[in-house]
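Here are my notes on the model you asked about. I have set them out as numbered points so that you can follow along on your own screen.

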Amino acid sequence: MAYTAIDDPEAYFQVKLYTGTGSSLALTLDGDTDMQPDLVINKGRSGGSYSGEGHHVWDSVRGVTKYVYTQTTAAEDTDAEGLKSFDSDGFTLGTRGGSNGSSTLFVAWCWKESATAGFDIVTWTGNGSNRTISHNLSAVPHFMIVKQRSATRDWATYTHATGNGQYMNLN
């Protein structure tokens, strides 16, 4: 199996630890390489009343106001005060307590969409039948996470190790 060497992993993935303020908060990633994230997943770690809230998932394809939680089967929701923008080297949060609650410690995992890193974000409208979904990777995906955004449904995960037609639920 061939692997692509990534000379600068910080160009595709970075983690940010931060303390919520309850006010608009622009966060700069700490890596040596500037990275505008395409996917941000955050979670309260401790302190404050929002540390028990789930993992918020935002991406640049759906837009900054759209989010889902990984630990539930709930449909996509909209909140203009969660993630406000994907910035050239970080992101800006609004006043939503679950992502920026005052005095709450948070972690944010940030990914850059890239065929080099083997990461792509794809949306499509289902039609109830099997079909091929286009992506921007240069190879067959070995791992996928799929979530129906418009209804309550499980998060299905696929890996080449389990094979076609097999899946596990993430939530």
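The points below go from the ground rules to the sheet, the cores, the salt bridges and the surface.

1. **Ground rules.** Please keep in mind that this is a predicted model, in which local features need pLDDT of at least 70 and side-chain atom pairs count only at pLDDT 80 or more, while totals for chains, interfaces and linings use all residues. Residues are numbered from 1 along each chain as its sequence is written, and side-chain values use heavy atoms, with hydrogens and water left out.

2. **The six-stranded sheet.** A good place to begin is the open sheet of six strands, which runs in the order S1-S9-S3-S4-S5-S6 with antiparallel pairing. Strands here are DSSP runs of E with at least two residues, helices are runs of H or I with at least four, and both are numbered from the N terminus. Two strands pair if DSSP finds at least two bridges between them. S1 and strand S6 (77-78) are the edge strands, each pairing on one side only. Further in, strand S4 (residues 56-59) and S5 pair in the antiparallel sense over two bridges, and Val57 has Val68 in S5 as its bridge partner.

3. **S8 and its partners.** Do have a look at S8, which pairs in the antiparallel sense with S7 over four bridges and with S2, again antiparallel, over four bridges. A hairpin of two residues joins S7 to S8. On the S7 side, Ser85 has Thr92 as its bridge partner, and Asp87 stands opposite Gly90. On the S2 side, Thr28 has Gly90 as its bridge partner. In a regular strand the side chains alternate between the two faces of the sheet. Both faces of S8 are covered, with Gly90 and Thr92 buried on one side and Phe91 and Leu93 buried on the other. Buried means under 20% relative accessible area, exposed means over 50%, and partly exposed is in between (1.4 Å probe, protein chains only).

4. **The largest core.** Which residues have the most contacts inside the largest nonpolar core? They are Tyr18, Val40, Phe91 and Cys110, in a core of 16 residues. Strands S2 (25-28), S5 (66-69), S7 (83-87), S8 (90-93) and S9 (105-111) each supply at least two residues of this core, and S9 gives the most, with three. A nonpolar core is a set of buried Ala, Val, Leu, Ile, Met, Phe, Trp, Tyr and Cys residues joined through side-chain atoms within 4.5 Å.

5. **Val40 and a second core.** Leaving aside neighbours within four places in sequence, Val40 is in contact (heavy atoms within 4.5 Å) with His56, Val57, Trp58, Phe86, Phe91, Ala108, Trp109 and Cys110. Apart from the largest core lies another, of seven residues, among them Leu39, Val57, Phe119 and Trp155.

6. **Lys16 and Asp30.** The count of salt bridges comes to seven, a salt bridge being a side-chain nitrogen of Lys or Arg within 4 Å of a carboxyl oxygen of Asp or Glu. In one of them, Asp30 meets Lys16 with the closest N and O atoms 2.9 Å apart. Asp30 lies in the loop between S2 and strand S3 (39-46) and Lys16 in strand S1, so the pair ties together parts that are 14 residues apart in sequence. Asp30 is exposed, with a relative accessible area of 56%, whereas Lys16 is buried, at 10%.

7. **The Arg62 network.** Asp59, Arg62, Glu76 and Arg149 are linked in a network of salt bridges. Within it, the side chains of Arg62 and Asp59 meet at 2.5 Å, N to O, and Arg62 also forms a salt bridge with Glu76, the closest N and O atoms being 2.7 Å apart. Arg62 is in the loop between S4 and S5 and Glu76 in the loop between S5 and S6, 14 residues apart. Arg62 is buried, with a relative accessible area of 15%, and Asp59 is buried too.

8. **An unusual backbone angle.** Most residues other than glycine have a negative phi. Ser103, although not a glycine, has a positive phi of about 70 degrees. Ser103 is found in the loop between helix H1 (97-100) and S9 and counts as exposed, at 52% relative accessibility.
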